[in-house]
Amino acid sequence: MHTDTERCVRAVQSKDARFDGWFFTAVRTTGIYCRPSCPAVPPKVANMSFLPSAAACQQAGYRACKRCRPDTSPGSPEWNARADAVARAMRLIQDGVVDREGVPGLAARLGYSTRQVERQLNAELGAGPLALARAQRAQTARLLVETSGLPMGDVAFAAGFSSIRTFNDTVREVFALSPSELRVRAERADRGGPRSTVPGSLSLRLPYRAPLNPDNLFGHLAATAVPGVEEWRDGAYRRTLRLPYGTGVVALSPRPGHIACQLALTDLRDLTIAISRCRWMLDLDADPEAVDEQLRRDPLLAPLVDKAPGRRVPRTVDAAEFAVRAVLGQQVSTAAARTHAGRLVAAYGEPVADPDPAGGLTHLFPSPEALAALDPEALALPRSRRATLTTLVAALADGSLPLGIDSDWEAARARLGALPGFGPWTTEVIAMRALGDPDAFLPSDLGVRRAAQGLGLPSTPAALTARAAGWRPWRAYAVQYLWATGDHPVNHLPG
C-alpha cells in the first residue's frame, strides 16, 4: 500500500487507525516516523514519505515518534493473508527464527538461498532480514524496559542483543532516548506504579485493529480447552506454552482496544516468540474491515456481519498440537475430544508449575516425540482412528510432515491428505486453525451446513462451495459467522 501515495495521504490526514501497520509515514523535516493515526498535526504532504515497515524507516535514519509509538502498532495483515516466500519469511522473523538460527536458518526453512531471501525482502519491505529482526529486538527491549524492573543488562540479553553497548546504541537510535530515559517516562505515565522484578513476569497490552468480537474467539478456545493445558479463569483464557528456551504460562483477557496479556516465562529470551504466538492464536493482525466488507457483498451473510462484526479465526500456538487434537475430535463431541486429549496430556505431557496458586494448569501438551512412544491399544478410540493418530504422530516426529506458520498451505494440504484417515474436514480445519489460511473452508461441517440451510444458502458441500466463491479469500472468516448462528458454547464468551 505504501506505493499508493494519494491513498496514504488520505489515511494520514484522516488519522485512520485501520491502516496502522499497513505502512509508516516518515517525516523528512523532523526525522521521525509515525503510524497513520498519529494524534499530532499531520505534516505537509511534501514532507511525507511512505515506507512499508518500521525496519525500513529505521534503516533510512528515522526514529520512532514518541506520541504514537509506531513500533507498537498491529502487524501488517498482509503476512497472514499470503503464502508466498516473503509472507512466510515475515511470519518466521516475527517468530524469532533469525535471532535463533540466523539468516541461513531462515533461508533453509524457506527453501531459498540467503541472497534470494535478502533480495525479496529488500524489494518488498525496504529492509533485509537482519534489519527486520533488529527492529523486533528493539521493540522487545522497549517492552522489557517499560513493563519490568529488571536490570538493563538482563533486558539487553533477554531481548536478543549480543552486548549491552549494542543494546544502548540501538535503543538510542530507534527511540531517541536511552533505556533509562524510556523507563523513567513509562513510570511517570503510570504515576510511579510498581514494576515487576520477578524474572519472567510481565503485563502487556496486545493491540489490534477494531472491531474485534471476542465471543467466538475466546468462546472457542475456552470451550475446547484441554484440561491441564488450558483453562478459563477469572475472565481470562490461560494456557501453557512450549518455547525454544523454556516454558511459559499466558493469561489473555479481552479489553476495549487491546488484549490484556499476563506472561510468566522461565527464560525471558522467549518473550518475542511468546507474544508472536499469542497474537497469531488470537488473529490480532487481521484486517476486519477488509474481511467484513467482502462478506457483506453476499446479501444472506450481510445480516450476520452487521450484527456482530469483527470476528476472528481462533488459531493455535502449536500446529503439531492442533493436528493431534483435530484427529482426536473426528466425529465426536467437543467434550469427548477434550477427554481424549486430557488423557494424552496426563500420560505423556511434561509437568509445569502454574504461577497462579489457584490455577489448574499442570502440563505442556505432549510433543510429537513424546507421543511417538504411546501404546495404541491404550487409546479409547476406534481402531481406524488409532491408526490415523499413530501415523500422524510418526510423520510429525520424523519431520516428514512439517507443520508451522511458515508452511506452504497447498503443500501441507497435499501431505495431510496423503495420510490415512485424513479427509477434507480434518485437512481444512488444520489449514484454518493451525496454518492460518484465511481461505480454508469446511463445507461438510455439520454446523456450517445447518447454518447454511437456516440462512437459505445451499447446504450440500458442492453447492455451498460454489456459492462461497464470492467470499474468497476470506472463507475461514465466513465459517466463523456461520458457526455463530448456533447455540454451541464455542460461540459465547464464558461468564
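In this predicted model, F218 is buried, its relative accessible area being 0%. The ring of F218 is paired with that of W232: the two centres lie 6.1 Å apart and the planes meet at 70°, and because planes over 60 degrees apart count as edge-to-face, the pair is classed as such. This pair joins distant parts of the chain, since F218 belongs to helix α11 (residues 214-223) whereas W232 belongs to strand β6 (residues 230-233), with the two positions 14 residues apart in the numbering.

Aromatic pairs recur elsewhere in the model, and the count comes to 6. Among them is the pair of F24 and Y33, whose ring centres are 6.1 Å apart and whose planes stand at 80°, so that this pair, too, is edge-to-face. F24 and Y33 are both buried.

Rings also take part in arrangements with charged side chains. R315 lies over the face of W280, at 4.1 Å from the ring centre, and R137 is placed over the face of F161, at 5.8 Å from the centre of that ring.

We turn now to the packing of helices. Helix α19 (residues 409-417) packs with helix α20 (residues 424-433) at an angle of about 145°, the axes being 10 Å apart, and the crossing in which α19 passes α20 is right-handed. On the side of α19 the contact is made by R413, L416 and G417, and on the side of α20 by T427, E428, I430 and A431. By character, the residues of this contact between α19 and α20 divide into 3 nonpolar, 2 polar and 2 charged.

Notes:
Residues numbered from 1 in each chain as written. Heavy atoms only, no water. Axes fitted to C-alpha atoms, helices over the stretch in contact; angles between N-to-C directions. Helix = DSSP H or I, 4+ residues; strand = E, 2+ residues; numbered from the N terminus. Left-handed = near helix turned anticlockwise from the far one by under 90°. Contact = heavy atoms within 4.5 Å. Nonpolar A, V, L, I, M, F, W, Y, C, P; charged D, E, K, R; others polar. Phe/Tyr/Trp six-rings, centres within 6.5 Å; stacked < 30°, edge-to-face > 60°. Buried < 20%, exposed > 50% of the residue type's maximum accessible area, 1.4 Å probe, protein only. Lys NZ or Arg CZ within 6 Å of the ring centre and 35° of its normal.
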